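Q: Hey, can you walk me through this structure? I'd like to go spot by spot.

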Amino acid sequence: MRPPPFSRCRSLLIALLATVAVALVPLLAVPAQATPVQTAPRAALASAGSGYWHTSGRRILDAQDQPVRMAGINWFGFETANYVPHGLWSRDYKSMVNQMKSLGYNTIRMPYSDDLFKGTVPNGITYASGLNTDLQGLDSLQVMDKIVGYAGSIGLKVVLDRHRPDSSGQSALWYTSSVPETTWIANLKALAARYKGNTAVVGIDLHNEPHDPACWGCGDTSADWRLAAERGGNAVLSVNPDLLIFVEGVQTVNGQSTWWGGNLSGVASAPMRLDVADRLVYSAHDYATSVAQQPWFNDPSFPANMPAVWDKNWGYIFKQNIAPVWLGEFGTTLQSTIDQKWLAALVDYLRPTGTYGADSISWTFWSWNPNSGDTGGILKDDWQSVDTVKDGYLTSVKAPGFTGGGGSGGDDTAAPSTPAGLKVTGTTSTSVSLSWTDSTDNTAVTAYDVYRGTTKAGSVTGTTFTDTGLTAATRYEYTVRARDAAGNTSPASGPVAATTTGSGGGSSGCTATYKASSDWGSGFNADVTVTNTGTSAIKSWQVTWDWPGDQTVNSMWNAAYTQSGRTVTARNADHNGALAAGGSTSFGFGATPGGAGTPVLVCRAS
């Protein structure tokens with residue numbers, strides 16, 4: 001098949017434009033036979049992550065043998081001609097990392113190219129208004145030191161990803177005519193030595209997306225990625241035997257092709273062999289139609305066919321307890337219905353953290369950056385706002401943060417002061433606006449967590465917040481807690497109550513119809529159509545219902561949602577809130593378990 005067009009994050013034009021901007025101010029598996037794995041208690045998971053990590057069967061364990069789940073994000077740029085993560089042309093790097101943590105990501109996969117070992121000077125960093133001041137005069141590797149150090153200090157882990165031999169583009173093999181294998185190995189060893197003793201860096205992804213003519217287990221030393229990964233991985237472990245070695249797949253095995261780096265079916269007959277036991281993690285990549293079309297997307301049973309595709313290519317490694325699996329890249333623009341169903345199915349396949357804890361597949365989403373051409377990012381184009389719909393799909397597979405201390409600041413145990421002055425500044429039929437005064441901290445307050453009763457309604461970096469998607473004529477109670485960079489959390493503020501306006505009751509201004517599109521017993525997908533029944537246009541809508549049993553929504557597309565007990569509230573996304581009179585739109589979701597029947601939906605428009 002035609003190799004997929006991997007253009008994401010490789011746009012030289014984007015990098016050049018960003019530079020200018022700165023200058024102006026860029027085996028088939030049998031799942032039922034998997035070896036049982038005990039899941040650690042939730043209380044233990046909450047404090048997991050200390051020290052270097054190792055593996056046991058399909059689990060990744062920390063230095064105290066507690067299981068951990070990486071649930072993170074790709075932040076690219078070091079591999080481009082900017083030689084630094086993108087977005088620093090408009091924001092401070094600490095602000096970026098703080099925001100990642102506040103959204104619940106606990107790991108950063110950081111791509112780089114071998115150009116960094118040539119003393120490259122980063123471009124695309126702004127120092128205006130006091131931003132990034134401690135990065136001035138540093139080369140690219142020194143900037144990497146700063147970012148790794150800060151991420152470690154607030155409890156994030158880092159996986160360094162050898163993404164390209166040089167900044168000009170991706171390579172099929174781990175070497176090129178200008179960057180031979182000897183250079184690749186020398187630079188891997190240099191990184192392993194550079195971060196030895198810094199437990200923020202838990203491992204190295206040896207080479208990004210090997211693809212045809214790369215093979216797995218063919219025995220040709222010039223093309224056999226499995227043999228090369230053994231050489232590269234053992235070189236890293238010879239310098240730092242505590243690091244995890246992340247090994248991606250290839251494109252084609254036994255004539256069967258999938259995404260670049262995504263085919264690990266060869267592991268069944270030719271597994272990796274490293275000199276240090278319990279250090280291997282297999283990594284796969286998987287994408288949606290916004291990257292390239294693949295035959296499984298046209299299968300009449302899609303998306304129910306996808307678990308079998310993933311099982312064959314890489315999921316069997318996890319299910320048969322061979323080794324841990326890390327989905328190092330997956331992403332989509334989320335514009336098409338196919339892509340939305342793909343992501344919902346994939347998130348379900350990765351196993352919700354609330355049910356399985358760290359006995360799950362680890363992952364890092366592609367990407368943090370909005371300037372990834374065929375996927376976009378978690379951030380929107382302003383490099384500040386969050387794509388809450390895309391981020392929302394990942395909520396059920398996010399995981400607890402890790403113990404800090406990989407860099408400066410990790411010994412901070414002092415909590416911020418309690419937020420004061422919490423008050424209601426406005427209400428509508430569907431929202432409550434709040435404000436409070438700044439908390440103080442010995443380092444800095446990085447976020448405020450707002451609670452609606454015992455439910456976390458959201459996090460912000462400032463001292464105002466608007467809670468949306470609420471029910472009319474309903475009383476809500478709020479508190480706020482402050483957090484610092486080390487993850488210390490203040491006591492809760494004094495509570496404040498607010499009642500939304502309106503009369504409440506049944507549907508008002510719109511109707512919502514419900515249809516289950518598939519139900520396989522352990523879960524189901526459903527679609528909801530919202531219609532404006534009024535005589536004038538509406539700007540927004542929300543749909544609420546109560547489940548008859550213990551159903552839980554795991555993901556939702558084309559709408560944002562909250563669930564409290566059996567009650568689900570779905571509210572429009574940014575692009576489909578406005579409806580003309582008589583106009584309709586739809587959203588869908590995946591939930592577990594199946595057999596929910598048809599709930600009674602209440603729709604309200606404004």
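**A tour of the model**

A: Sure. Let's start with Trp-260, which is in the loop between strand E10 (256–257) and strand E11 (280–287). Keep in mind that this is a predicted model.

Q: Is Trp-260 buried or exposed?
A: Trp-260 has a relative accessible area of 11%, so it counts as buried.

Q: How far is Trp-260 from Ala-284?
A: Their C-alpha atoms are separated by 8.8 Å, and along the chain the two are 24 residues apart.

Q: OK, new topic: aromatic rings. How many aromatic pairs are there?
A: A search of the whole structure turns up 28 aromatic pairs. One of them is Trp-184 with Trp-225, a tilted pair with 6.1 Å centre to centre and 50° between the planes. This pair links distant parts of the chain, since Trp-184 is in helix H5 (residues 181–194) and Trp-225 is in helix H6 (residues 225–239), 41 residues apart.

Q: Are those two tryptophans buried or exposed?
A: Trp-184 and Trp-225 are both buried.

Q: What about Tyr-393 and Trp-557?
A: That pair is stacked, because the planes are at 20°, under the 30 degrees cut-off, with the ring centres 6.1 Å apart. Tyr-393 belongs to helix H10 (residues 388–393) and Trp-557 to strand E24 (residues 552–557), so the pair ties together parts that are 164 residues apart in sequence. Both Tyr-393 and Trp-557 are buried.

Q: Which residues form an aromatic cluster?
A: Tyr-514, Phe-524, Trp-545, Trp-547 and Phe-589 form one.

Q: And which charges sit over rings?
A: Here are two. Arg-58 lies over the face of Phe-318, at 4.2 Å from the ring centre. Lys-398 has its charged end over the ring of Tyr-105, 4.5 Å from the centre.

Q: Back to H5 and H6. At what angle do they pack?
A: At about 35°, and their axes are 8 Å apart. The crossing of H5 and H6 is right-handed.

Q: Which residues meet there?
A: On the H5 side you have Glu-181, Trp-184, Ile-185, Leu-188, Lys-189, Ala-192 and Ala-193. On the H6 side, look for Trp-225, Ala-228, Arg-231, Gly-232, Ala-235, Val-236, Ser-238 and Val-239. Sorted by kind, the residues of this contact are 10 nonpolar, 2 polar and 3 charged.

Q: Why do places in a helix that are three or four apart point the same way?
A: An α-helix has 3.6 residues a turn, so residues three or four places apart end up pointing the same way.

Q: How many residues of helix H3 are buried?
A: Helix H3 (residues 93–102) has 7 of its 10 residues buried, so you can call it mostly covered. The buried ones are Tyr-93, Met-96, Val-97, Asn-98, Gln-99, Met-100 and Ser-102.

Q: What do they pack against?
A: Several elements, including strand E4 (71–74), strand E5 (107–113) and helix H4 (140–153).

Q: Let's do loops. Where is Ser-490?
A: Ser-490 lies between strand E19 (475–484) and strand E20 (496–499). At 1% relative accessibility, Ser-490 counts as buried. Among the residues Ser-490 touches, beyond those up to four places away in sequence, are Ala-415, Pro-416, Arg-481 and Ala-482.

Q: And Gly-534, where is that?
A: Gly-534 is in the loop between strand E22 (524–532) and strand E23 (541–546). With 28% relative accessibility, Gly-534 counts as partly exposed. Setting aside neighbours within four places in sequence, Gly-534 is in contact with Gly-509, Ala-581 and Gly-582.

Q: Last topic: backbone oddities. Which peptide bonds are cis?
A: Two to look at: the bond from Phe-302 to Pro-303 is cis, with omega near 5°, and a cis bond also joins Trp-366 and Ser-367, with omega about 5°. Pro-303 is in the loop between E11 and helix H7 (306–319), while Ser-367 is in the loop between strand E13 (362–365) and H10.

Q: Why point those out?
A: Most peptide bonds are trans, and most residues other than glycine have a negative phi.

Q: So which residues have a positive phi without being glycine?
A: Glu-209 has a phi of about 50°, and Arg-351 has one of about 80°. Glu-209 is in the loop between strand E7 (201–205) and H6, and at 0% relative accessibility Glu-209 counts as buried. Arg-351 is in the loop between helix H8 (337–349) and helix H9 (353–356), and at 18% Arg-351 counts as buried too.

Technical notes: Residues numbered from 1 in each chain as written. Predicted model: local features only at pLDDT ≥ 70, side-chain atom pairs only at ≥ 80, totals over all residues. Heavy atoms only, no water. Helix = DSSP H or I, 4+ residues; strand = E, 2+ residues; numbered from the N terminus. Buried < 20%, exposed > 50% of the residue type's maximum accessible area, 1.4 Å probe, protein only. Contact = heavy atoms within 4.5 Å. Phe/Tyr/Trp six-rings, centres within 6.5 Å; stacked < 30°, edge-to-face > 60°. Lys NZ or Arg CZ within 6 Å of the ring centre and 35° of its normal. Axes fitted to C-alpha atoms, helices over the stretch in contact; angles between N-to-C directions. Left-handed = near helix turned anticlockwise from the far one by under 90°. Nonpolar A, V, L, I, M, F, W, Y, C, P; charged D, E, K, R; others polar.
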